[in-house]
Amino acid sequence: MSITQLSLLEQAVFVLAALVLFTSFALLGQARLLSTIHLFAWQGLALALVSSLVATATNEPHLYLSALLTLSLKALLIPWMLHRLVRRLELERHAEPLRHPVMVMLAGTALVIFSYWIVLPIERLELAATRNIIAISLAVILIGLLIMVMRRQAVIKVIGFMSMENGLFLAAVAATHGMPLVVELGVAFDVLIAAVLFGVFFFHISESIESLDVDRLNRLRARDKS
Amino acid sequence: MADLLNSPAAWGLALVQGLLFLLAAPLLTAWVRRVKARLQNRRGAPLLQPYRDLYKLFAKEAMVARTTSGLFLAAPYIVFGSTLLAGAVVPLLAVNLPTAAIADVIVLAGFFALGRFFLTLAGMDAGTAFGGMGASREMLVSALAEPALLMAVFTLAMTAHSTNLSSVVAYQLDAGLVLRPSYLFALLGLVLVAIAETGRIPVDNPATHLELTMIHEAMILEYSGRHLALMEGAAQLKLMIYGVLISNIFFPWGIATEFTPAALLLGLVAITAKLALLGVLLAVAETVLAKMRLFRAPEFLNMALLFSVLGLLSHVILEVGA
Amino acid sequence: MNSPIVLALTHLSLVLLLVAALWAVIGPQARGRHIFFGVLLLASLSALVAGLGALLGHTASAEYPALGLPWLHWHLTLDPLAGFFLALIGLISTAVSLYGPDYLLEHRHDRTALGHLGFFTALFVLGMELVVLAGDAFAFMVAWELMSLASYFLVVFRHEQAANRRAAFLYLLMAQIGGLFILLGFGVLASFGGGFAFDAMREAVLSPLWASVAFGLAFVGFGMKAGLVPLHAWLPEAHPVAPSHVSALMSGVMLKVAVYGFIRFVFDLIGDLQWQWGVVVLAVGSVSALMGVLYALMQHDLKRLLAYHSVENIGIIFIGLGLGIIFLASGQPLPGVLGLVAALYHCLNHALFKSLLFLGAGAILHTSHERDLERMGGLLRRMPWTGLFFLVGCLSISALPPFNGFVSEWLTFQTALQAWSLEGGVMRSLIPIAAAMLALTGALAAACFVKVYGVAFLWQARSRPVRRARPTPLGMRLGQGLLALLCLLAGVFPTGLLQLLDAVPQQLFGQGLTEATAHGWLWLTPLSARTASYAAPIVVIALAAVWLLGVWWLRRLAVNRIRVYDPWDCGFASSIPRPSMQYTATAFTQPIRRIFGVLFHLDERVERGEEIRYQLQVGDRAWGLFYQPVERIIRAAARRIGFLQSGQVRVYLGGALMTLLVLLWLIS
């Protein structure tokens, strides 16, 4: 099914889905900690927009609610919390450039193609178009994991984790027009709790090893032995 | 195709369009400079200043370094000629002109590459350190920009099933308003490539004449008189070509599809408005951004490549379906 | 249509080559090399004409009961595919025969050297022609080995230096391993087809698995000879050490013979294509193209640099072939044929410009004995003709319009852009990425040749021998001029060439590119006029018009004066700067080296003593990643079976007895 056959609203959903994917790539490549947090907020905003557009297109009012939830939680609250955390840990100027940016970007591209390949055999969905958005959301999830693998900074690892959740949310909104509201609320609450817990952990980690570079946690093992 | 190629009127119109390209290019440069000056609280030079500069340069005698070879004298003509040829291929006022069939968009990139080849050789010819530096950097920037450019163009070509610029624009007009994620990314990629290729901030600074990080100006340091005029003219043309490419491919509305005076006039007004707007955007961007270190330039171009790749992928995944 | 004239010309060419080889050994010394190259020229011309005849439809075939084994006669087949490559061999060796006599001037008193070179050059060309003409696997393999061995002896020509002996040995080793793979590949086909003649193999019906096995063997075997990454290691070692006209033949023609073998094997003999092969070929081709050009950028030995560019261009050819396989196997014959034709076109183009560049490098070597770019400079003013021709070669290889390299790369791009017609979404996204790699390759090649031309031909000489360089003699200029002219013609009149080339896909698939030339000789429209078009003649006319108008207009303005003065250089140069202050080749590529640093094995050293010394060694990663592990495995395996080598005669005899018993048991 070609994009020209869809309504403008649905086309806009596609554009936003592609933008979500782009923000994932940007998260992968961004060196500065603060910019990464801002990018994450943008991703949340794009998701909220996707959600509200789908709500308009399909006449499912409860999606407006989840859009609002996404907006407040992922575009505002969590970024604000992370921001405050970074300021309190005095990491505003922290930057960690990728070692081989081209290779990592290539890996990201390969992940996108791979997720498309995985999703291709799914034919039972009523709309082929939704299947394609599932490919995008799978890619967002995988890239989120890639962020957690490639980056050493603990805060960025958390952002990677949250962007994985964003991918799941995108899949839910696009393929099944959202999860039941109860489930969604539960997940949102979980994410919030996770963010708070991570924040507490960061304090402890940075107090005990004076850095948030997770690779340095290895030293704890060495200390244990001695 | 055959009837168009044999129509003298169409060829005549194509010639007029080429001349228009030639005449309007300095104006666009002047416009960008003027807006930039205003943004920086300066009065700025009048819009006709580049024409005066070119006229003055043509009237002066040319100085040629004694260490150069014949290639140094030939290069300005080749650089200017290939850029002009590239301009002739791009639809400015109307689609379906016969000149558009001479070359498709890949050949267009080839024309730019040809000009660049001689530009860099001319930069190296005098053997000065600045010339070599500029040439080396120009080749680096272009080597990274070219795949991004072609990748962005491929995205369009895969959609329109054609690499002919005129066909691509006509396809866009036919399809009407379609929000394509791939076009968004291709547009972003192409803008970044255009900035790098035309030597604008943040990759290069067009206003400098002595800076250790200069690229384009370093190569034409030894030129003077008419040779310098040709080189400057080629640079202005290149900016114009990229401007027209971006505005007519992504926002084709207004361009003439038939050769009536009314349609052509509308085309002229439309492209003037689009270029004026684009010029303002460029001036604003140049005012807010700072020039990057040379070794940040690859990151900038990697970004362009990433945009183009994402454009392609979103085209394949989201737009075609299977 | 069997044409006796074409067959006679082919025979004439082969016989003349034998005569030339004999003459080189027994002929008199005085003026001997002129007669040798004269005979070679005649042989090349007749091969060229015969090949063109075959392309125009006058094919030929013959069987020789007197040659070969009693039950396996040699066949000679000259169909359009063979004709194209025969013409290519003839064309390049024509230019080489014009170039040769003057190039070997310094050896004119050295009877042995001339005899050695002449004998093996003639046999080398003979071997290549026979490979192309062979109509059965047996003749093919014999000719293949003749080609490999003769070129080995040409590589060891300067065997006084240990490095050259090492390069030649490496070459021989890899040629033999490659030959083994090809032999096995033919073996698979022959066992299914019931005979070694190509006609029998064509009839064979292979299971997909066995077809893939045969394809894999052929790909490795021919790819090794063609110099695909990572099997390219011999190429940058062996090509530079041969005399330049032989390097031109090796890089320009011998690699194409390997491509011929691959096309013959895969597109003609094996039968049904599988798209997975295309993906493999495309991937290996893209990597070869990119790695080839990146390594070429890092070289400052001119001939070595050119050799690495051969890796790049072979990669581009294989990109075209890979695309062809993918499209043909997916039931899209038109783009598939376009891919094959683009590859063939690039074969011709690469043969033209690479030979031209090697001949140019030979001209520099001839007059200044210098191969190192860092010691050259200012050669354009000292050897203007060579400079001009070399510039044409640089423009062609950098794929710039209106020269020939551009046309074939453009056709390859056009093939890749038909990816939308494929079924699989993954293919649709991978093929344009490969095309982007091709674009990167082209841009880097341009960077590399700006470096070569700028450093070698422009500004001032960096060493005394180069400063005393003399213009090249007439014969050498003729050889280069011919190739340069052909580079331009093949770029400006692509339609005519495509009409010639059309015979090859017509023969293989019964389908040609009728649309490509449908709009007259001016317009090249590979698939349809709407998809894409290119009018190279108009480009040339327009460039010339801009030039003439510009000059005329300036004359009108009466500002023709030019004052010659010292360079300005932002006021840094008080007088003419010294040659040592110029940008060097290493400096030119420093930014690129920094960006792609991961891909090279860099050894960079700065010594700060009285004067600062900078040393840079760029090694090929393929050695560490591919060859050394293989070597370790072989060593380990050798150690394992080393216990057999006890040195006692009785053990060896025991081994012989066991072998005999096992064989008898197998036969019974």
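## The B–C contact

In this predicted model, chain C puts 71 residues into its contact with chain B, and chain B answers with 70. On the chain C side, the elements that chip in two or more residues are α14 (379-382), α16 (404-416), α17, α22 (536-557), β3 (562-565), α23 (585-588) and α24 (590-595). The biggest giver there is α17(C), with 16 residues.

As for what that side is made of, the residues of chain C that touch chain B split into 53 nonpolar, 11 polar and 7 charged.

## Helix against helix

Let's zoom in on one helix pair. Helix α12 of chain B (residues 297-320) packs against helix α17 of chain C (residues 425-457), with the axes 9 Å apart and an angle of about 165° between them. Since angles over 145 degrees count as roughly antiparallel, that makes α12(B) roughly antiparallel to α17(C). The crossing of α12(B) past α17(C) is right-handed.

Who's touching whom? From α12(B) come Leu312(B), Leu313(B), Val316(B) and Ile317(B), and they meet Gly425(C), Arg428(C), Ser429(C) and Pro432(C) of α17(C). Sorted by class, this helix contact has 5 nonpolar, 2 polar and 1 charged residues.

## A strand pair across the chains

Helices aren't the whole story here. Strand β1 of chain B (residues 62-65) is joined to β3(C) by 4 bridges, and the two strands run parallel. Within this pairing, Ala65(B) sits opposite Tyr565(C) of β3(C). That β3(C) strand also turns up among the elements giving two or more residues to the chain C side of the contact.

Note on methods: Residues are numbered from 1 along each chain as its sequence is written. Chains are lettered from A and ligands numbered from 1 in the order in which they are written. This is a predicted model: local features need pLDDT of at least 70, side-chain atom pairs count only at pLDDT 80 or more; totals for chains, interfaces and linings use all residues. Axes are lines fitted to C-alpha atoms, for helices over the stretch in contact, and angles run from 0 to 180 degrees between N-to-C directions. Angles under 35 degrees count as roughly parallel, over 145 as roughly antiparallel, 65 to 115 as roughly perpendicular and the rest as oblique. A crossing is left-handed if the near helix is turned anticlockwise from the far one by less than a right angle, and right-handed if clockwise. Two residues are in contact if their C-beta atoms, placed from the backbone, lie within 7 Å. Ala, Val, Leu, Ile, Met, Phe, Trp, Tyr, Cys and Pro count as nonpolar, Asp, Glu, Lys and Arg as charged, and the others, Gly among them, as polar. Two strands pair if DSSP finds at least two bridges between them.
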